[in-house]
Each structure stands twice: as structure tokens, then as C-alpha cells.
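Colleague: I am new to this structure. Please take a close look at one part for me, the aromatic pairs, and set them in the context of the whole.

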Amino acid sequence: MRRVILKYRIPVANPDIGREEEELVLDAIRSGWISSQGPYVRRFEEEFARWLGVKHAIAVSNGTVALHLALLALGVGPGDEVIVPDLTFASPANMVILTGARPVFVDVTKEYWCIDPEDFKRKISEKTKAVIVVHLYGHPADMDEILEIARENNIYVIEDAAEAHGSEYKGRKVGTLGDIATFSFYGNKTITTGEGGMVVTNNDELADKIRLMRDHGMKPRYWHIVLGFNYRMSSLQAALGLAQLRKIDKLLERKRRIARIYEEILSGIPGIMLHPSMPWAKPSYWLYSIVVDEKLYGLSRDKLMEKLKKQGIETRRFFYPLHIMPVFKTYATNNEDYPISTYLSEHGMNLPSGPKISDEEVIYVAKTLRHLYKRN
């Protein structure tokens, strides 16, 4: 394999921000309406709701507070339990604890890395109020099974779609399947507002509660009727988000092309499990991810990441399982091992997959992985 000398690092993720974004943000600045009262917030909400296919989309300051508002709107609080997948970023567990409720961790599936319906069923108690379903790394959870279990036990379903803009489950976009859903627009997400998030629902009552709590619990102005927060998005962020949303189909197609290139080159390499794509799913591939088996591949995940770094390739390990971290250890059920989330966390890695990466760079990354197979 011919060695390629890179003058720059290939990052894991990079946003695609261009002239359209500049024009709308500049228009917001020139209008003078740069706070949450600016017109772009409402326009972003309306277009996002229309694109997703829901009645209500409420823009907020980030994806984490979106989860907080979703939980509060459903009445989650002290004495309640909320089911949370063990393999995820910490936000869902943090927000459950912030409401005063207790997170109950469940394992994930080896096939598609999302919440295991059978373990979900096992962990239900009379205190279970809701389940947070994380569509990890852009692959949907098996929502039919989750929804059936939830309905049988009167449990609310919150979809955490922070990593899954445009992912589909059986032809329907994720974020439209549960009682309420949340999105993140952090800088490395498929579309970005820098920081920012969205809560979406088809329930009028929930939407009214979220809007009220987002804006200090204030109605009318300066009259506070419930405990509220300043969880609002600025017009500048919304202008950026609106421009991003208008090219989301192009961004999603780019993500899926990146995935196809990786799959073509990496397929058949012993010890590399490719990013899942179940027959019932259309992943968005927020980050193209693989799982490395050291015995078959010849290198551990961590050593492979070190070697890729020397070749100018940035990678990222999977999230740590929640149950092993000091802040969450006391919430783990009966000191369970959560074997699948633990295995995936120890062996999984994210490859460069931002929308601005070139085909040539994707090929270089993939061929470097193939070249390193059992060469060391």
C-alpha cells in the first residue's frame, strides 16, 4: 500500500457550513432580533416539525435540556424510575437524576447496539414511569418491541434522537414513534446550531408544558405560574439551524455514501464488525462505527487507534457504559455486569465520517485499516 503523507488531520466529524448559513445568520444579526424573540426561532421550529412530520417542535438551548423538559412534561419526579440504556452518553441518566427520579440501566443488543427489549422488560417495576430509547450512533432501536412493552406497562416512551436525525424505522423517521422525542444540534451532529436542541411531540398538552417551562414558567410576561427555566434558543442559532435543515437531505445522502465506501472496503476483514444496518432500519450513520476483535484482527481497539493517529486519522472510542462510572455506580441494578454494553464499549470505535470528508479520505482511512490487519 502506498503511504500517503497528510498535511492535516482527518477529523472524526466536521460541520458543513457554507454561504447559506452565512446569509441567514447575517440577516438575523442585521435585523437586530438576535435573542430568543427573533423570528428565526419560530421558522426553524415550524420547518423542523414539517420535515419530521410532527405537530410540535420546540427549540431549546441544547439536547440535554431537551431531555430534562421531556421528563418534566411527563411528570417524572421523586419516587419514579426511568429505564436508560447502559451504553449512551451521560445526558439521559443525568437528567433523570436531576428530576429526582432514579435511572435504571439496561443492556443493549449486540446486533444493533440499542436498548435490549428483553432486558427492558426484566427491569420494569411498579415505579417505572418512562423509558429513554437512545438511537445510538444513528441506528434506530427496535421500536415496535419497545412500544409494545411500554403500552402493556403504562410506561412513557422518550426517544433520544440526538444522534439520529433522519434515521428511519420501518419507513418512519425516528422521533415520531414515542410519546415525545429530543434532538441535539451540537457542532458534530448531522445538522448543527453550534449548541442547541429540539423537543418534538404530537401531544398538544405536552407541547404547551414544554414551551411554558422553557421560558421561565412565565405566562403572560413577568407572571410566573410554574417553576421554569431559561432553556431558550437564540435567533442566531436558529438561523444557522434553518439553513442546515434546508440541506439535510444532501447531508444525509453524504453520510450514507461515506458508509457505503467504508462497507465496501472493510467488508470481510476478520475482527471488524461493521456499523449495523438491520433490515427494518435506515440508519443515518451519524458517526460510522466499528467493533474490533483483537484476536481476529491482530490489534486491540486502543492500539489500532494509536496507529491510525500516527497516520493523521482521528478516531474516537465508544461511550463508557454508565454503570461503571463513579457518579452512576450506585444506580446499577444488583451490581450487574451488562456484558454487551461493556464489550461494545471496550471494543468499539468511531471513524471519520463528517459530511465534509472527501471520498479519497474515506478510502484512505478504510485502506489503512485493511493494511493494518495482522501486520503487527
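Modeller: Here is the overall frame, followed by the aromatic rings and a surface patch.

This is a predicted model, where local features need pLDDT of at least 70, side-chain atom pairs count only at pLDDT 80 or more, and totals for chains, interfaces and linings use all residues. Residues are numbered from 1 along each chain as its sequence is written, and side-chain values use heavy atoms, with hydrogens and water left out.

The protein has 13 helices and 14 strands. These are DSSP runs, numbered from the N terminus: helices are H or I with at least four residues, strands are E with at least two. The C-alpha atoms fill a box of roughly 70 × 55 × 35 Å along the principal axes. Of the 376 residues, 59% are buried. Buried means under 20% relative accessible area, exposed over 50%, and partly exposed in between (1.4 Å probe, protein chains only). Among contacts (heavy atoms within 4.5 Å) with a separation of 6 or more, 73% join residues 24 or more positions apart.

Now the rings. The structure holds 18 aromatic pairs. Rings of Phe, Tyr and Trp (its six-membered ring) pair if their centres lie within 6.5 Å; planes under 30 degrees apart count as stacked, over 60 as edge-to-face, the rest as tilted.

One of the pairs is Phe-105 with Phe-328. It is edge-to-face, with 6.2 Å centre to centre and 80 degrees between the planes. Phe-105 sits in strand β3 (residues 102-106), while Phe-328 sits in the loop between β13 (316-317) and α12 (339-347), so the pair ties together parts that are 223 residues apart in sequence. Phe-105 is buried, at 0% relative accessible area. Phe-328 counts as buried too, at 1%.

Tyr-262 and Tyr-288 make a stacked pair: 5.0 Å centre to centre, 25 degrees between the planes. Tyr-262 belongs to helix α9 (residues 248-266) and Tyr-288 to the loop between β11 (281-282) and β12 (289-292), so this pair ties together parts that are 26 residues apart in sequence. Both tyrosines are buried.

Ring pairs also build a cluster from Phe-89, Trp-113, Tyr-137, Trp-286, Phe-318 and Phe-319.

Finally, the surface. Ile-34 lies in the loop between α1 (19-31) and α2 (39-52). Ile-34 is partly exposed, with a relative accessible area of 43%.
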